[in-house]
Amino acid sequence: MTEFTKLGLSATTLQAVADTGYTEATPIQASAIPVALAGRDVLGIAQTGTGKTAAFTLPMIDRLGSGRARARMPRALVLAPTRELADQVAENFAKYAKGTKLSWALLIGGVSMGDQVALLNKGVDVLIATPGRLLDLFERGKILLTGVEMMVIDEADRMLDMGFIPDIERIFKLTPPRRQTLFFSATMPPEITRLTTQFLKDPTRIEASRPAMTADTITQYLVRIPTSDPKAKRTALRALIERSEVKNGIVFCNRKSEVDIVAKSLKTHGFDAAPIHGDLDQSLRMKTLADFRAGDLKILVASDVAARGLDIPDVSHVFNYDVSHHADDYVHRIGRTGRAGRKGEAFMIVTPSDDKSLDKVLKLIKKAPEEMSLDDIDFASIKDRPRSDDSKGRGRGRSDRPRPIPKSDNVASMEPIARAAPKAEETLEEAPRRSRSRRSAKPLTTSEAADAVVDTTAQATPATKPASQRRDRAPEPREPRKSEQAKEQPLRAASGGFGDDIPAFLRRPVVFQD
């Protein structure tokens with residue numbers, strides 16, 4: 001490996017690198033840093049965990065050493081696909097630029113926009129952002145990209161997976177053509193190739209390793225179970241964790257809802273686990289990751305939002321609770337362990353319904369993981385309990401079947417029901433009380449209740465006398481609006497075409513108070 005001192009970095013930057021404990025550069029760093037320092041465009045193809053962040057951060061710090069930022073006009077722009085990855089880049093920049101006067105700002109969603117705008121107004125040298133928040137602030141007139149000298153695209157293939165390519169194209173067009181571009185991707189699908197051809201100027205292509213290949217430092221295991229039942233899978237996961245010497249580990253699930261269920265199951269059985277996925281509050285996600293990095297959390301249950309680019313240097317185990325739908329995601333998942341020459345272990349739980357996804361993974365990695373059995377577990381006897389919302393209304397939760405409506409001799413037409421339909425969480429018996437409480441906070445007297453019934457009947461039935469001859473002098477009935485007609489149609493259909501002769505079980509009850 002090449003020493004950092006031979007790459008042309010400044011003494012200040014070299015000291016910051018030495019303070020972190022690194023002395024030798026990884027292959028992608030050794031190849032990309034001299035080219036970037038010379039001001040040329042870079043097209044870097046490398047897996048996660050190969051040191052890409054330092055490969056663009058270190059030359060950026062040296063090239064921005066002279067000059068000064070202006071308000072709302074950053075000099076360098078780093079785009080990352082996820083908030084976690086952007087936050088990680090910001091941490092690396094702060095660590096390597098501590099001996100300089102360079103300023104930076106992190107623009108991600110889920111946090112205060114006001115604080116970000118305040119930093120932009122002061123002027124920052126480096127902007128680290130996700131595409132959505134960057135464009136949001138641009139459209140509000142809070143930022144200009146005409147002063148960008150360097151632009152970095154990190155995890156470009158992940159950008160493609162998440163649908164960010166149109167945003168990336170727009171951002172490219174908002175920056176000056178003379179900018180220097182450093183473009184990094186683990187794979188090069190056709191859409192990414194088109195993007196680099198359009199926006200990079202004669203880039204130096206640097207391929208640190210073959211795309212989509214797993215590291216030799218990772219021992220891979222395949223664990224087959226005879227059922228796809230979720231409880232059986234959770235049992236297998238717990239058995240694997242218990243039988244492995246897990247210092248810290250990441251459990252990957254395909255769906256966000258499954259992440260929450262698996263994390264809760266592990267905690268219920270005494271494991272130190274917490275979930276992380278895109279639907280959680282950003283502050284909670286960042287705290288969970290910080291706890292995991294610090295060693296205060298042993299098991300992280302994650303969706304693929306955490307699979308790419310996160311630099312957690314010493315993860316001992318990765319557990320694939322679900323076989324990933326996309327084979328590339330499997331490579332990035334297990335790439336969280338076995339980093340920087342360390343040893344790691346990766347397990348993949350496979351059920352009979354996973355054959356198609358498993359074939360894609362095996363064809364991509366071109367190696368057969370070691371088969372591991374859990375024969376001592378009787379999976380046939382394990383079955384998940386039915387949910388409370390099953391079709392027969394059974395389960396531990398409250399049944400969703402509606403309560404019967406009590407009969408009443410005081411009949412109102414169907415139209416008032418449509419206009420005063422109770423909320424879904426209310427019982428139908430509570431609806432009349434709710435409607436009455438809105439008219440008056442005091443209980444109704446007998447005469448008031450009678451007047452209310454007359455008033456309701458007058459509104460619900462066609463007028464047969466002139467308004468001046470009616471006892472209650474109710475207003476003329478108006479033609480129902482289209483929205484009300486739409487609400488009434490299901491109710492009229494439910495009556496089975498009874499017309500005005502509504503059966504008692506469909507009538508709205510009216511309660512009298514003495």
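**Note on the predicted model: ring pairs, strands and confidence**

1. In this predicted model, the count of aromatic pairs comes to 4 when ring centres within 6.5 Å are taken as the criterion. One of them joins Phe-172 and Phe-199, whose ring centres are 4.5 Å apart and whose planes meet at 5 degrees, so the pair is stacked. The two residues come from distant parts of the chain, since Phe-172 belongs to helix H8 (residues 165-174) and Phe-199 to helix H9 (residues 190-199), with their positions 27 residues apart. Phe-172 is buried, and Phe-199 is buried as well.

2. A further pair is formed by Tyr-221 and Phe-347, with ring centres 4.9 Å apart and planes at 15 degrees, so this pair too is stacked. Tyr-221 sits in strand S10 (residues 218-224) and Phe-347 in strand S15 (residues 344-350), so the contact of their rings ties together parts that lie 126 residues apart in sequence. Both Tyr-221 and Phe-347 are buried, and ring pairs link these two residues with Phe-319 into a cluster.

3. A charged side chain also meets a ring in this model: Lys-233 lies over the face of Tyr-321, at 4.5 Å from the ring centre.

4. Turning to the strands, S3 (residues 42-45) pairs with S9 in the parallel sense over 4 bridges, and within this pairing Val-42 stands opposite Thr-204. Strand S9 (residues 204-207) shows an alternation of its side chains, in which Thr-204 and Ile-206 point to one face and are buried, whereas Arg-205 and Glu-207 point to the other face and are not buried.

5. Strand S5 (residues 104-107) and strand S6 (residues 126-129) likewise pair in the parallel sense, over 4 bridges, with Ala-105 placed opposite Leu-127 of S6. Between S5 and S6 the chain passes through helix H5 (residues 113-122), and the resulting β-α-β crossover is right-handed.

6. As to confidence, the protein chain has a mean pLDDT of 79, and 72% of its residues reach 70 or more. Over residues 388-474, however, pLDDT stays under 50, and the model has 88 contacts beyond four places in sequence for this stretch. Residues 482-496 also have pLDDT below 50, and this segment has 14 contacts in the model beyond near neighbours in sequence. Where pLDDT is low, the predicted coordinates should not be read in detail.

Note on methods
Residues are numbered from 1 along each chain as its sequence is written. This is a predicted model: local features need pLDDT of at least 70, side-chain atom pairs count only at pLDDT 80 or more; totals for chains, interfaces and linings use all residues. Side-chain values use heavy atoms; hydrogens and water are left out. Two strands pair if DSSP finds at least two bridges between them. A crossover is right-handed if, with the strands pointing away from the viewer, the path from the first strand over the helix to the second runs clockwise. pLDDT is the predictor's confidence in each residue, from 0 to 100. Contact means heavy atoms within 4.5 Å. Rings of Phe, Tyr and Trp (its six-membered ring) pair if their centres lie within 6.5 Å; planes under 30 degrees apart count as stacked, over 60 as edge-to-face and the rest as tilted. Buried means under 20% relative accessible area, exposed over 50%, partly exposed in between (1.4 Å probe, protein chains only). A charge sits over a ring if NZ of Lys or CZ of Arg is within 6 Å of the ring centre and within 35 degrees of the ring normal.
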